[in-house]
Amino acid sequence: QVQLVESGGGLVQPGDSLKLSCAASGRTANSYAMGWFRQSPGKEREFVAAIRWIADYTVYAESVKGRFTISTDVANNMLYLQMNNVKPEDTAVYYCARDSRGLRVGFVQTQNEYAYWGQGTQVTVSS
């Protein structure tokens, strides 16, 4: 059984940087997709970024390209989201997730591809 635990959220100002972490326990495999999603009040959960566990493939939502970086630490079973130049619209609960079948390029942005989810960490961007 896979468990995912997010951390690193908090209150920051526009333009600040923040790094989110996701600790993954349980079975891992090089082909798994790891993703970050977020949900703000009144909105559906949306895709942020995804990466193959061994970090040979990444994809980002247009809204975060050039500002966020997704990465993994395979040896320590860690997933990260480096958030730079944050904006108020980045305010949301951020969730990490992992698939169970291996990364499929055509579906990596679809939340139904991910079988395992963390509980989320709150990021608030406000001046």
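Reader: Which cysteine does the disulfide join to cysteine 22?

Author: The disulfide joins cysteine 22 to cysteine 96, with 2.0 Å from S to S. The model shown here is a predicted one. A search of the whole structure finds one disulfide.

Reader: Where in the chain do cysteine 22 and cysteine 96 lie?

Author: The pair links distant parts of the chain. Cysteine 22 belongs to strand 3 and cysteine 96 to strand 9 (residues 92-99), and the two are 74 residues apart.

Reader: What is the hand of the link between cysteine 22 and cysteine 96?

Author: The angle about the S-S bond is 55°, and the link is right-handed.

Reader: Is cysteine 22 buried or exposed, and is cysteine 96 buried or exposed?

Author: A residue counts as buried when its relative accessible area is under 20%. Cysteine 22 is buried because its relative accessible area is 0%. Cysteine 96 has a relative accessibility of 0%, so it counts as buried.

Reader: In what order do the four strands of the open sheet run?

Author: The order is 1-3-8-7, and the pairing is antiparallel. The edges are formed by strand 1 (3-7) and strand 7 (68-73), each of which pairs on one side only. On average, neighbouring strands of this sheet are turned by 15° against each other, direction ignored.

Reader: How many bridges pair strand 3 with strand 8?

Author: Strand 3 and strand 8 (residues 78-83) pair over six bridges, in the antiparallel sense. One can follow the pairing at a single residue: serine 21 has tyrosine 80 in strand 8 as its bridge partner.

Reader: Where is serine 21 placed, and which residues is it in contact with beyond its neighbours within four places in sequence?

Author: Serine 21 is in strand 3, which covers residues 18-25. Apart from neighbours within four places in sequence, serine 21 is in contact with Val5, Glu6, Ser7, Trp36, Met78, Leu79 and Tyr80.

Reader: Why does serine 21 count as buried?

Author: The cut-off for a buried residue is a relative accessible area under 20%. Serine 21 has a relative accessibility of 15%, and therefore counts as buried.

Reader: How does one read alanine 23, which is also placed in strand 3?

Author: Between the limits for buried and exposed, 20% and 50%, a residue is partly exposed. Alanine 23 counts as partly exposed because its relative accessibility is 32%. Leaving out neighbours within four places in sequence, the contacts of alanine 23 are Gln3, Leu4, Val5, Asn77 and Met78. Its C-alpha atom is separated by 14 Å from that of glutamine 1, and these two residues are 22 apart along the chain.

Reader: Asparagine 77 is among the contacts of alanine 23. What is the sign of its phi?

Author: Most residues other than glycine have a negative phi. Asparagine 77 has a positive phi, about 55°, although it is not a glycine. Asparagine 77 is placed in the loop between strand 7 and strand 8. Its relative accessibility is 23%, so asparagine 77 counts as partly exposed.

Reader: What is the sign of phi at asparagine 85, and in which loop does asparagine 85 lie?

Author: The phi of asparagine 85 is positive, about 50°, although this residue is not a glycine. Asparagine 85 lies in the loop between strand 8 and strand 9. With a relative accessible area of 43%, asparagine 85 is partly exposed.

Note on methods. Residues are numbered from 1 along each chain as its sequence is written. This is a predicted model: local features need pLDDT of at least 70, side-chain atom pairs count only at pLDDT 80 or more; totals for chains, interfaces and linings use all residues. Side-chain values use heavy atoms; hydrogens and water are left out. Buried means under 20% relative accessible area, exposed over 50%, partly exposed in between (1.4 Å probe, protein chains only). Contact means heavy atoms within 4.5 Å. A disulfide is a pair of cysteine sulfur atoms within 2.5 Å. Two strands pair if DSSP finds at least two bridges between them. Axes are lines fitted to C-alpha atoms, for helices over the stretch in contact, and angles run from 0 to 180 degrees between N-to-C directions.
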